[in-house]
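Okay, everyone, thanks for coming. I'll just talk you through one model today, so have a look at it while I get going.

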Number of protein chains: 2
Amino acid sequence: MKGSISMSEIVNKAQLLKKASLKLSEASTKDKNDALKLVGESLIANKELILKENEKDIEQAIASQMKESLIDRLRLTEKRIQEMVEGIKTIIELKDPIWKSSEIWTIENGLNISKMTVPLGVVGIIYESRPNVTVDAFSLTLKSGNCILLRGSSSAIHSNKALVAAIKEGLRKSNISEDVIQLIENTSRESVMEMLKLNEYIDVIIPRGGNSLIQLVVQNATVPTIETGVGNCHVYIDKSAKLEDAVKIVVNAKTQRPGVCNACETVLVHEDIANTFLPMMKDALKGIVELRGCDKTREVIDSVPAVEEDWAEEYLDYILAVKVVKDVDEAIEHIGKYGTMHSESIVTEDYSNAEKFLRKIDAAAVYVNASTRFTDGSVFGFGCEMGISTQKMHARGPMGLNELVTIKYIIRGNGQIRE
Amino acid sequence: MKGSISMSEIVNKAQLLKKASLKLSEASTKDKNDALKLVGESLIANKELILKENEKDIEQAIASQMKESLIDRLRLTEKRIQEMVEGIKTIIELKDPIWKSSEIWTIENGLNISKMTVPLGVVGIIYESRPNVTVDAFSLTLKSGNCILLRGSSSAIHSNKALVAAIKEGLRKSNISEDVIQLIENTSRESVMEMLKLNEYIDVIIPRGGNSLIQLVVQNATVPTIETGVGNCHVYIDKSAKLEDAVKIVVNAKTQRPGVCNACETVLVHEDIANTFLPMMKDALKGIVELRGCDKTREVIDSVPAVEEDWAEEYLDYILAVKVVKDVDEAIEHIGKYGTMHSESIVTEDYSNAEKFLRKIDAAAVYVNASTRFTDGSVFGFGCEMGISTQKMHARGPMGLNELVTIKYIIRGNGQIRE
């Protein structure tokens, strides 16, 4: 589809969304839930068509020699469509995050002030190949009263068009306008650049993808953005750690699902236990993970020599950097220098070191004695997530329904004027 | 000072702040409060010098024929310095916003998750002539554990340098590093542009000033920003309003302090009461406020003909646009089109119209039967404010201490790994 559709496609769709968002912000929870249910039914009813369109993307991916792991992310199956529908059901069960407040107070002159949650308005999302993001992002934004502008990758365009058509078919049977979801069919880079400047119609843009996408967005957006997902996560094994737990945690954080952002990329090991711990760890990881060690590590176990770049790398693969450090302070300093403020863990029995690590590490999620793999909206109990924010503004960590809102102050008076 | 200092001034100072912020985030409430007290004492001790330096700015302002109202904003007096110190005392009394949580829970596998408030890190502020902002912004950011990079206007540079020198003198007697505050002395436009791109060292930039400054920042910043202050605020007088209250509210919202962002700029009047209300309002405002009316308004009262631009204008002056509308829906539509999402008020006795207005108006503060002038951190009970956010991300409305924080998730485990 590249470049075949006029640039004004994006403005037109963004305008439709802005208009639709005024109505959607007033929709009842029942109307939103009913619409989500109808969308789920429509996805099931249209599954043959969706799978057929997905097959076109798969064929194109094979022809362009896409890596097998990426093709797998792109592939839809009957089971995966069923999982999307299960995801929608989960979101139906969650509480409506809109028009609620835990802060209502009255000031001296009798004005009653309440801080109420309201939708953000129009949310833009720029994402890579996985077509399930299309359905997840739509469901989350609809439930939180937001409209959504989707800009998926060209490699998934047939799948995304089929999914959005099915979603719109469901919405047409509901009390919610089908205009609340729009897919940008122009998958050129220019379409992203145009989207990034549409402050008039888009309230926030969430990029989901690798570092180059995130940087493109941060450098060029005038619309406020929420960065997600880049995770160079560490596990630090303190002197006092229970070493068997430490081994299990490293193995889990590295290998349970290495391609995700909360997987561990570097292990830091206290020098006093390096001789004991490193061989245990190497044993447990043997044959699965390539180790890249600092000089001190290599005095104890065989490994590829680590270079400066290894400390900053998000491998997303069966590779682990290993560094021996003097103490918890050096570990904290290393993480401050190379970390991406995502998820960091310390394994220790030392109370003071645990507390120091928790306080001093500047990251979305900081762990004591647990795998970094738990940074996840569904694990945290949010039911689902829109991504994991690695920035400090607005939302940090897993973004569920409660992160897709803003607030407004409602002030009720009886004629008050300011003296 | 324009252009006389190397551009690297800003990078150097930003680096110092980033380093200082790591330490400051760990400072105890007592150390922060003691430091604020010492800073207040230092401002008093240095008042002669501060007033002498302020006099230089005033002379320069007079020489450049600055408007009297702006010179007044620039001028410091003994009383104004005393007020700054009172402001610091208020902030000392406020609760520390850091390392607190109202959300702590435990998930199935025993992991205990807490969502804790932490400082943003380094806050940049770009502001216009008022030198009291220098002290207010410093006190708020210090109490919330943040370092601050100040970029004031060239017209206030002597005052700002004297104030920052006094603040640093106070800090040197405390347990807090004097590095936590830095003033950019280069007041060229280039210094703003450089600051806007320093993502590595600055966590958020808050522009305080007119629309052109806000737009410069929004268009060029790669650092996340919080827009503040532009307020094209409306009061809508519904058919069922108590007209005497309505007149008082309009007079207050327009004239109590016309130069501020929560002052009213346009009054919308229901057509059924225009014949009664408009003459009452004109009477009450007579001789003070210039009225710019729509055609229907001018059928009832004499006024300057309003043109399209009047509906969008933030006068900040004794001028009021007046429009007759069909009903509350037309009022809501007008505000949606021309408003700046700051403060909006309806005067009505009609329950359904009040609720409709509260729900449908998309603004930081929405009022029933009260003046728009109350949108203010100290009125809301926040003790003070860093500005009034008119954006939807991170913070909206008055920004007090609780808006100058982010969160991190703290997860305590005993060996949990993900299945």
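**A sheet, its helices and a pair of chains**

Let's start in chain B, with an open sheet of 4 strands, paired in parallel and ordered β5-β4-β3-β6. The edges are β5 (181-183) and β6 (204-208) of chain B; each has a single partner strand, so one side of each has no neighbour in the sheet. On average, neighbouring strands here are turned by 20° against each other, ignoring direction. And before I go further, keep in mind that this is a predicted model.

Let me zoom in on one of those pairings. Strand β4 (residues 147-151) of chain B runs parallel to β5(B), and 3 bridges join them. If you want a spot to click on, B:Leu149 stands opposite B:Gln182 in β5(B).

Now, which strands does helix α6 of chain B lie across? That helix, residues 132-143, lies across β3 (122-127), β4, β5 and β6 of chain B, and it runs at about 160° to β4(B). Then there's helix α9 (residues 211-220) of chain B, which lies across β3 and β6 of chain B. Its angle to β6(B) is about 160°.

Over to chain A for the domains. The domain assignment gives domain 1 as 8-226 + 399-411 and domain 2 as 233-378. Taken over C-alpha atoms, the centres of these two domains of chain A are 35 Å apart.

Okay, the interface. Chain A puts 54 residues into the contact, and chain B puts in 54 residues. On the chain A side, the elements that each supply at least two residues are α9 (211-220), α10 (243-255), α15 (351-360), β13 (365-370), α16 (377-380) and β16 (405-416). Which of them gives the most? That's β16(A), with 11 residues. By type, the chain A side divides into 26 nonpolar, 16 polar and 12 charged residues.

β16(A) also pairs across the chains: with strand β13 (residues 365-370) of chain B, in the parallel sense, over 5 bridges. There you'll find A:Tyr409 opposite B:Ala365 in β13(B).

Last bit, the symmetry. A turn of 180° with a shift of 0.0 Å along the axis lays chain A on chain B with an RMSD of 0.1 Å. That's the relation of a two-fold axis. Within chain A, the residue that comes closest to the rotation axis is A:His394, at 1.8 Å by C-alpha. And 100% of the interface residues of chain A are also interface residues in chain B, so the copies meet through the same surface.

Methods: Residues numbered from 1 in each chain as written. Chains lettered and ligands numbered in written order. Predicted model: local features only at pLDDT ≥ 70, side-chain atom pairs only at ≥ 80, totals over all residues. Pairing = 2+ DSSP bridges. Axes fitted to C-alpha atoms, helices over the stretch in contact; angles between N-to-C directions. Contact = placed C-beta atoms within 7 Å. Domains from an automatic or database assignment. Nonpolar A, V, L, I, M, F, W, Y, C, P; charged D, E, K, R; others polar. Least-squares fit on C-alpha atoms with pLDDT ≥ 70 in both.
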